[in-house]
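Hi,

Here is the structure I promised to pass on. Have a look at it first, and then read on for my notes.

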Amino acid sequence: KLQSLGMDPEVMDRHGAVSLQTAQAMAAGLQGICQADMVLAETGIAGPIRGRSPKPLGSTCFAMWTPTGMVTDEQCFEGDRETIQAKITEHALEMIVRYLTQS
């Protein structure tokens, strides 16, 4: 996340890997690299273990960079690793569709 997207390490140090702030920094870094009209970043805990985060399994933060500003969302999905990953993907796609149909 840090090297690939050129993120400031202080963002993750201050807010953690799974946070809206980290997701926003990831989206901004990705947009800066690819210059796309829209980009979406997510960071979360799909399991099977939680690691060092105090957040529960399934915790996920989304940030979508758009021409009209940053759109963020935070969710907690339930299930095993595959189920959580599928729900993250579905939610990300729903965010994109919602933005495109409401803009």
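Below is what turned up, going from the annotation to the strands, the aromatic rings and the pocket.

One caveat before anything else: this is a predicted model.

**Annotation.** UniProt, in an unreviewed entry, puts the feature "domain: CinA C-terminal" at residues 2–99. Over that stretch the chain is 46% helix and 22% strand, and the C-alpha atoms at its two ends sit 27 Å apart.

**Strands.** Strand E2 is a good place to start, with a partner in E1 and another in E3. E1 (residues 39–44) runs antiparallel to E2, with 6 bridges between them. If you want a spot to click on, Thr-43 stands opposite Cys-61 of E2. E2 also pairs with E3, again in the antiparallel sense, over 8 bridges. There, Ala-63 has Thr-72 in E3 as its bridge partner. E2 and E3 make a hairpin, and 2 residues lie between them. E2 is mostly covered as well, since 7 of its 8 residues are buried.

**Aromatic rings.** How many aromatic pairs does the structure hold? Just 1. The partners are Phe-62 and Phe-77: their ring centres are 6.4 Å apart and the planes meet at 85°, so this is an edge-to-face pair. For that label the planes have to be over 60 degrees apart. Where do Phe-62 and Phe-77 sit along the chain? Phe-62 belongs to strand E2 (residues 59–66), while Phe-77 is in the loop between strand E3 (69–76) and helix H4 (81–102). With 15 residues separating them, the pair links distant parts of the chain.

Are these two rings buried or exposed? The cut-off for buried is under 20% relative accessible area. Phe-62 has 0% relative accessibility, so it counts as buried. Phe-77 comes out at 11%, so Phe-77 counts as buried too.

**Pocket.** The largest pocket has a volume of about 240 Å³. Which residues line it? Here they are, in chain order:

- Met-12, His-15, Gly-16, Ala-17 and Val-18
- Ile-45
- Arg-50, Gly-51, Arg-52, Ser-53, Pro-54 and Lys-55

By type, the lining of this pocket divides into 5 nonpolar, 4 polar and 3 charged residues. The charged ones are Arg-50, Arg-52 and Lys-55.

That's the lot from me. Shout if anything is unclear.

Cheers

Technical notes. Residues are numbered from 1 along each chain as its sequence is written. This is a predicted model: local features need pLDDT of at least 70, side-chain atom pairs count only at pLDDT 80 or more; totals for chains, interfaces and linings use all residues. Side-chain values use heavy atoms; hydrogens and water are left out. Rings of Phe, Tyr and Trp (its six-membered ring) pair if their centres lie within 6.5 Å; planes under 30 degrees apart count as stacked, over 60 as edge-to-face and the rest as tilted. Helices (H or I, at least four residues) and strands (E, at least two) are DSSP runs, numbered from the N terminus. Buried means under 20% relative accessible area, exposed over 50%, partly exposed in between (1.4 Å probe, protein chains only). On a 1 Å grid over the protein atoms alone, a cavity is a set of points where a 1.4 Å probe fits but cannot get out, and a pocket is an open set with protein on both sides within 12 Å along at least five of seven lines; lining residues have an atom within 4 Å of a point. Grid points are joined across faces, edges and corners, and a volume is the space filled by probe spheres set on the points. Two strands pair if DSSP finds at least two bridges between them. UniProt positions are given in the numbering used here, feature names are shortened, and annotations may be inferred rather than shown by experiment.
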